[in-house]
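Work through the exercises below with the model open. Try each task before reading its solution.

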Amino acid sequence: MPVITIAGNDGISVEKKREMVKKVSETVAEAYDLPVDAITVLVQAYPKESIGVAGELLSDK
């Protein structure tokens, strides 16, 4: 039972998360030759002040 973790900033809507989880689940299920209901997707959303890129917080850019 694969578990997929997707981590990113918190700027994605619930509708877009639904779409992403569906597409990722279908792709991984196909790759593993498993039913979609065997796939778990965890979406971790971080606020911009908790993400650093190139030595700077995203909230400071």
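**Exercise 1. Decide whether Ala7 is buried or exposed, then find what it touches.**

Step 1. Apply the cut-offs: buried means under 20% relative accessible area, exposed over 50%, partly exposed in between (1.4 Å probe, protein chains only). Ala7 has 51% relative accessibility, so Ala7 counts as exposed.

Step 2. Place the residue. Ala7 lies in strand S1, residues 3-9. Helices (H or I, at least four residues) and strands (E, at least two) are DSSP runs, numbered from the N terminus.

Step 3. List the contacts, meaning heavy atoms within 4.5 Å. Leaving out residues up to four places away in sequence, Ala7 touches Gln44 and Tyr46. Ala7 and Tyr46 are 39 residues apart in sequence, yet their C-alpha atoms are 7.5 Å apart.

A note on the source. This is a predicted model, in which local features need pLDDT of at least 70, side-chain atom pairs count only at pLDDT 80 or more, and totals for chains, interfaces and linings use all residues. Residues are numbered from 1 along each chain as its sequence is written, and side-chain values use heavy atoms, with hydrogens and water left out.

**Exercise 2. Find the salt bridges and say which residues form one network.**

Step 1. Set the criterion: a side-chain nitrogen of Lys or Arg within 4 Å of a carboxyl oxygen of Asp or Glu. Side chains of opposite charge can pair when their charged atoms come close. Searching the whole structure gives three salt bridges.

Step 2. Take Glu15 and Arg18. Their side chains form a salt bridge at 3.4 Å, N to O. Both lie in helix H1 (residues 14-32), three residues apart, about one turn of the helix. Both are exposed.

Step 3. Turn to Lys16 and Glu19. The closest N and O atoms of this salt bridge are 3.9 Å apart. Lys16 is partly exposed at 47% relative accessible area; Glu19 is partly exposed at 33%.

Step 4. Add Lys23. Lys23 forms a salt bridge with Glu19, with 3.1 Å between the closest N and O atoms. The two are four residues apart in helix H1, about one turn. Shared partners join Lys16, Glu19 and Lys23 into one network.

**Exercise 3. Describe the architecture and overall spread of the protein chain.**

Step 1. Count the elements: one helix and four strands. Their order along the sequence is β-α-β-β-β.

Step 2. Test the spread. The radius of gyration (over C-alpha atoms) is 14 Å. The globule rule, 2.2 Å times the number of residues to the power 0.38, gives 10 Å for 61 residues, so the protein chain is more spread out than a compact globule.
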